Amino acid sequence: MALQMQDTGEFKLVTRRKKRVFSVQNSCDPNVILFDGNDDSDADTNYEALFGKLLQAETELRNSLFGDDVFHYLQDSLRALDVDGISEILCYGLGHFSRRKCSKYQLALLLSLKNYYGSRVHIYDPIFTPKEIYLLERFGFNVIKINEEGKRVVQDNVTLVYMPHCSLHLTNNFLYANWSEKLNKCILLTNSFSVIAANFIKANTCEPVDYISRIQPYVTEIVLRNNFMYEDVFNDLNIHIFLEQNIDMVPRSFWNDREEPCYRGATLDYFTAKQTERIEAKNCRKDDET
């Protein structure tokens, strides 16, 4: 089941018959090594081997049921927002796509989105290796140079924010940085807001992700079926849009209440800017010693 647009501009639950695809028997084990990034004995061969694997993964993703669903519901979302396309894509938290199956196919979706919409892609993860950065730039991505902690302010262009299995705190930081009516220019392809809210209620806990919980009542969430051949790659990933009629219901004071998130006492599941600076400084010292 998924949400689809009606001619009236509202979403409704529908089912659609899909083409059959070949399914590979494999699991998305995060410990599976696809490419030994520490092996520099034949760098050119390694680059080309990984580049070919990524192109193959993009083809598999594009021809999959899940890929069909993503593009179908993104088109519905663009019609609902009354816009023609996606100018920018911002991606955080992709991980080691040279070594992990999940990250490889998550990157494959990003490649498909870039190719289909002709979007400019901005991407960052502090754990990217130099080889991974080289390949991302080869694909035409703009690799962000500093750790923004998810706080990049989007411009007036329609922006798809892609955070597959990303930290809730990073999503919260992004909302804080863009806390205004211009959120209706954003489409968030992230962990389900409704699932996040339900989990907090079920656990009877209060996580300091105030911006997610505050905006959630005004979000239109489009459910994506988890029908990719590797179940752990895109599970819990949904499309979130901010329709103009919902944004117009928000009082002005709602946007004025905007303080930078403070996660004091919380267990953060992302690298802070200070942590990244310390790691980079340590790596520089090692390079100087060799």
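This text walks through the sheet, two helices that pack on it, and two loop residues of a predicted model.

Start with the sheet. Seven strands build it, and it is open. Read across, the order is S5-S4-S3-S6-S7-S9-S8. The pairing is mixed. Strands of a sheet pair through backbone hydrogen bonds, either parallel or antiparallel. At the edges sit strand S5 (142-143) and strand S8 (220-222), each of which pairs on one side only.

Now look at strands S6 and S7. Strand S6 covers residues 159-162, and strand S7 covers residues 186-191. The two run parallel, joined by four bridges. Here Tyr-162 stands opposite Leu-189 in S7.

Next come the helices. Helix H5 (residues 168-177) packs on the sheet. Helix H5 touches strand S3 (88-92), S6 and S7. Its direction makes about 165 degrees with that of S7. Helix H2 (residues 65-81) lies across S6, S7, S8 and strand S9 (237-241). Helix H2 runs at about 10 degrees to S9.

Finally, turn to the loops. Asp-82 is found in the loop between H2 and S3. Its phi is near 60 degrees, a positive value in a residue other than glycine. Is Asp-82 buried or exposed? Asp-82 has a relative accessible area of 70%, and exposed means over 50%, so Asp-82 is exposed.

Glu-149 lies in the loop between S5 and S6. Phi of Glu-149 is also positive, near 55 degrees, and this residue is not a glycine. Why does Glu-149 count as buried? Its relative accessibility is 14%, and the cut-off for buried is under 20%, so Glu-149 falls in that class.

Notes
Residues numbered from 1 in each chain as written. Predicted model: local features only at pLDDT ≥ 70, side-chain atom pairs only at ≥ 80, totals over all residues. Heavy atoms only, no water. Pairing = 2+ DSSP bridges. Contact = heavy atoms within 4.5 Å. Axes fitted to C-alpha atoms, helices over the stretch in contact; angles between N-to-C directions. Buried < 20%, exposed > 50% of the residue type's maximum accessible area, 1.4 Å probe, protein only.
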